[in-house]
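The following exercises introduce a protein structure through short tasks. Each task is followed by a solution that proceeds step by step.

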Amino acid sequence: MRDRIVQSASVPVVKDLVLVGGGHSHVAVLRNFGMRPMPGVRLTLVTRDVRTPYSGMLPGFVAGHYSYDACHIDLVPLAAFAGARVYHAEAVGIDLGAKRLLCADRPPVPYDVLSLDIGSRPKQADVAGSTEHAIPVKPIDRFAARWKVLVSRVATESRSLRIGVIGGGAAGVELTLAMQHRLRQLSIEKGYDPARVHFVLVTAEGLLPNHAPAVGRIFERVLRERAVELHLNSEVVAVEVGRVHCTS
């Protein structure tokens, strides 16, 4: 996609506000600028991806309730609504002295105010082998691509499959249940035994440690009822092909 530039020439530019990344916060900024423009402020969005996923809908997408398009926001028309320039590029550094954003495949972008909203990623460096042998949930676009491959594999192969999930927080629990729902339904549709897809959840603490204890107990019961193999209080320290190693 080429850069998109939408800017009125009738108002002089006083300040350059540059947004890096199309995360939820910058979606709100673009929307607010469209509703309440600030004369003299030139708004620029620099983003690696022009379609940003809404992470709250990811489990529903995985479960098959939402399409890929339904849970993504197209940043190009939103930026046009805000009167913002769009540079489809990956930011790679910041020149603080010269106040310039450095990009991989385009000239630097000058700024007066710079805002970063590039999202979070799992800290894989602490777990040996996880970069090579595990699939991080974020960036979501890469996870979605790998998920599509796995769904296709389950739809075309009848053999058994064990899927491990590391992390027993809200995201880990919800994604485990969503994946199980989708793959079991798919197996039934294809005439395969739904029990052939077995889930294992490994977590360093109990389930949902940031919620009330009763919530964790309820979901432990739900997961066990759905035949999810649980390994609680088991911190993962390494990942190999087909297995994880825990401190316990």
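**Exercise 1. A salt bridge between distant parts**

Is arginine 48 buried, partly exposed or exposed, judged by its relative accessible area? Determine also which side chain it meets in a salt bridge, and where both partners lie.

*Solution.* The model is predicted.

Step 1. Buried residues have under 20% relative accessible area and exposed ones over 50%, with partly exposed in between. Arginine 48 has a relative accessible area of 26%, so arginine 48 is partly exposed.

Step 2. The side chain of arginine 48 meets that of aspartate 141 in a salt bridge, with 3.5 Å from N to O. Arginine 48 belongs to the loop between β2 (41–47) and β3 (51–53), whereas aspartate 141 belongs to helix α5, so the pair ties together parts that are 93 residues apart in sequence.

Step 3. Aspartate 141 also counts as partly exposed, at 26% relative accessibility. A network of salt bridges links Arg48, Asp49 and Asp141. In total, the structure holds 10 salt bridges.

**Exercise 2. Salt bridges within one helix**

Describe the salt bridges of arginine 224 and of glutamate 225, and state how far apart the partners are along the helix.

*Solution.*

Step 1. Arginine 224 forms a salt bridge with glutamate 220, at 3.0 Å from N to O. Because these two residues are 4 residues apart in helix α7, about one helical turn separates them.

Step 2. Glutamate 225 forms a salt bridge with arginine 221, and the closest N and O atoms are 3.3 Å apart. This pair too is 4 residues apart in helix α7, so about one helical turn lies between glutamate 225 and arginine 221.

Step 3. Accessibility is then assigned to each partner. Arginine 224 is partly exposed at 46%, and glutamate 220 is partly exposed at 25%. Arginine 221 is partly exposed at 45%, while glutamate 225 is exposed, with a relative accessible area of 57%.

**Exercise 3. The nonpolar cores**

Identify the residues with the most contacts inside the largest nonpolar core, and the elements that supply this core.

*Solution.*

Step 1. The largest nonpolar core has 33 residues, and Val62, Trp147 and Leu183 have the most contacts inside it.

Step 2. At least two residues of this core come from each of α2 (58–63), α5 (140–156), β10 (161–166), α6 (170–189), β11 (197–202) and α7 (213–225). The element that gives the most is α5, with 8 residues.

Step 3. Apart from residues up to four places away in sequence, tryptophan 147 touches Phe61, Val62, Met179, Arg182 and Leu183.

Step 4. There is also a second, separate core of 14 residues, which includes Leu19, Phe33, Ala82 and Val86.

**Exercise 4. A buried strand residue**

Where is isoleucine 163 found, and which residues does it contact beyond its neighbours in sequence?

*Solution.*

Step 1. Isoleucine 163 is part of strand β10. Its relative accessibility is 10%, so isoleucine 163 counts as buried.

Step 2. With neighbours within four places in sequence left aside, isoleucine 163 is in contact with Leu150, Leu183, Val197, His198, Phe199 and Val200.

Step 3. Proline 12 is 151 residues from isoleucine 163 in sequence, and their C-alpha atoms are 57 Å apart in space.

**Exercise 5. A sheet, a hairpin and a surface patch**

Work out the strand order of the open sheet that contains β6, and examine the loop after this strand.

*Solution.*

Step 1. The open sheet has 3 strands in the order β6-β7-β8, with antiparallel pairing. β6 and β8 (109–110) each have a single partner strand and stand at the edges, so one side of each lacks a neighbour in the sheet.

Step 2. The pairing of β6 with β7 runs over 4 bridges, whereas 2 bridges join β7 to β8. Arginine 100 in β7 stands opposite aspartate 95, and its bridge partner in β8 is proline 110.

Step 3. β6 and β7 form a hairpin with 4 residues between them, and lysine 99 in the turn has a positive phi of about 55°.

Step 4. Leucine 96 lies in the loop between β6 (91–95) and β7 (100–103), and is exposed, with a relative accessible area of 65%. Together, Ile94, Leu96 and Leu116 make a nonpolar surface patch of about 310 Å².

Notes. Residues are numbered from 1 along each chain as its sequence is written. This is a predicted model: local features need pLDDT of at least 70, side-chain atom pairs count only at pLDDT 80 or more; totals for chains, interfaces and linings use all residues. Side-chain values use heavy atoms; hydrogens and water are left out. Patches are made of residues with over 30% relative accessible area and no salt bridge: like charges are joined within 9 Å, nonpolar side chains (Val, Leu, Ile, Met, Phe, Trp, Tyr) within 5 Å. Accessible areas come from the Shrake-Rupley method with a 1.4 Å probe; for residues, only the protein chains shown count as cover. A salt bridge is a side-chain nitrogen of Lys or Arg within 4 Å of a carboxyl oxygen of Asp or Glu. Buried means under 20% relative accessible area, exposed over 50%, partly exposed in between (1.4 Å probe, protein chains only). A nonpolar core is a set of buried Ala, Val, Leu, Ile, Met, Phe, Trp, Tyr and Cys residues joined through side-chain atoms within 4.5 Å. Contact means heavy atoms within 4.5 Å. Two strands pair if DSSP finds at least two bridges between them.
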